[in-house]
Amino acid sequence: NVRKNLDFEPLSTTALILEDRPANLPAKPAEEAQKHRQQYEEMVVQAKKRELKEAQKRKKQLEERCKLEDSIGNAVLTWNNEILPNWETMCCSRKVRELWWQGIPPSVRGKVWSLAIGNELNITHELYDICLARAKEKWRSRSTVGAEVECEDAGFSTADREASLELIKLDISRTFPNLCIFQQGGPYHDTLHSILGAYTCYRPDVGYVQGMSFIAAVLILNLDTADAFIAFSNLLNKPCQMAFFRVDHGLMLTYFAAFEVFFEENLPKLFAHFKKNNLTPDIYLIDWIFTLYSKSLPLDLACRVWDVFCRDGEEFLFRTALGILKLFEDILTKMDFIHIAQFLTKLPEDLPSEELFSSIAAIQMQSRNKKWAQVKRVLYLCSVCTKFTR
């Protein structure tokens, strides 16, 4: 009767405590039966509380998801109807910059990236087709005498060019392996292969460098093939990317030195800990900068970093690095050299987006009234003067 009167019954073997004993055993004493009924009722009450709590949690998650979807929908309308048609006049306004910081909706992300990156190189779709045709020809005949002569004319040995082309094939399979879309037989495998090969022919002085495949892959996910190539080529032509991909040691050291100025300014305790453990920026920054965080962060979070990077330029790459260090400052100050290097090389996969961007927002990119570009320029001139005096 007790069980029939309850409007909720937990699906658990604990309900068996209310069952009568088998006929061949003595019946439960009245006190024990009453105790069991009380225990059962208490379990029912606790189960109801848990169920109610979980229902409230699900309701809250649903409300947050609906709110997010409404926010994204409104943002898409704003970008499509107000900002993109009036890009030149609105892209630098305060309203747009604030909206930009919140993340660009995926449906318009590619358009915004293309406009923000620009096309200073004046690359056309036809030029992409030409470079791709040359790449395909190289893949077919790179070991012939004609290919060898052409490579030598370009200032590269056949071995160098072949190594660069072969490296593309190897790296494509390592690009976002969990997604599978860039693997052999995947829908974007050939597209990624084509863009990287075309770029190798477009910029034989740079060739293919490990890390490029991740950048190209992110662009492919947001743009048509030819537009992705245009954005890719212009993006790699930026001073910071060119310094790293051409392995300009002097410029790379300048970037590291500028980063350390703001590191010490924002996170003095962690900076001192890194210095004590001889942990230099190149150990973790190179991988982050080479792939624009697309390899180190969850893809959706990396795309949001790209959003603001397209808005603020190279400065934001180093501000993001400081934001990551700030977010994990308490953990990192307790680690030694090896564990810090391992942690920063493989960041947590469940890194929270809002927490990271709150941490980035707290970073001040100004040192002694000098901004990033000014600090970098001073350090670069100092390095040039030092080299000249030697």
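In the predicted model, H189 is buried, its relative accessible area being 11%. The residue belongs to helix α9, which spans residues 189-202. The side chain of H189 forms a polar contact of 3.3 Å with the side chain of Q184. When neighbours within four places in sequence are set aside, the contacts of H189 are I172, I181, F182, Q183 and Q184. Q184 therefore appears both as the partner in the polar contact and in the contact list of H189, whose 11% relative accessible area lies under the 20% limit for a buried residue.

The loop between α8 and α9 contains F176. F176 is not a glycine, yet its phi is positive, at about 45°. Most residues other than glycine have a negative phi. F176 is buried, with a relative accessible area of 11%. A positive phi in a residue other than glycine also occurs at N122, where the value is near 55°. N122 is located in the loop between α5 and α6, the latter covering residues 125-141. N122 is exposed, because its relative accessibility of 61% is over the 50% cut-off.

Helix α8, residues 158-172, includes E166. E166 is partly exposed, with a relative accessibility of 32%. The C-alpha atoms of E166 and G197 are 10.0 Å apart in space, while the two residues are separated by 31 places in sequence.

At the level of the whole chain, the secondary structure consists of 21 helices and two strands. The chain has 390 residues, of which 43% are buried. The exposed area of the chain is about 21,900 Å², and 53% of this area comes from carbon and sulfur atoms. Of the contacts between residues at least 6 apart in sequence, 70% link residues at least 24 apart.

The largest nonpolar core comprises 105 residues, and W79, L325 and L344 have the most contacts inside it. At least three residues of this core come from each of domain 1 (115-143 + 156-237) and domain 2 (241-389). In soluble globular proteins, nonpolar side chains tend to be buried together. With residues up to four places away in sequence excluded, W79 touches L84, P85, W87, V96, L99, W100, I104, P105, V108 and V112.

Helix α4, residues 94-101, has V96, L99, W100 and W101 as its buried residues. Among them, V96, L99 and W100 are touched by W79. An α-helix has 3.6 residues a turn, so residues three or four places apart point the same way. The buried residues of α4 pack against six listed helices: α2 (30-83), α3 (87-90), α5 (106-117), α16 (299-312), α17 (314-327) and α20 (353-361). After α4 comes G103, which has a positive phi near 105°.

The cysteines were also examined. The number of disulfides is zero, since a disulfide requires a pair of cysteine sulfur atoms within 2.5 Å. C180 is partly exposed, with a relative accessible area of 47%. C303, in contrast, is buried at 8% relative accessibility.

Notes: Residues numbered from 1 in each chain as written. Predicted model: local features only at pLDDT ≥ 70, side-chain atom pairs only at ≥ 80, totals over all residues. Heavy atoms only, no water. Buried < 20%, exposed > 50% of the residue type's maximum accessible area, 1.4 Å probe, protein only. Helix = DSSP H or I, 4+ residues; strand = E, 2+ residues; numbered from the N terminus. Polar contact = N/O pair within 3.5 Å; in protein donor to acceptor, adjacent residues only side chain to side chain. Contact = heavy atoms within 4.5 Å. Areas by Shrake-Rupley, 256 points an atom, 1.4 Å probe, with all protein chains shown as cover. Core = buried A, V, L, I, M, F, W, Y, C linked by side-chain atoms within 4.5 Å. Domains from an automatic or database assignment.
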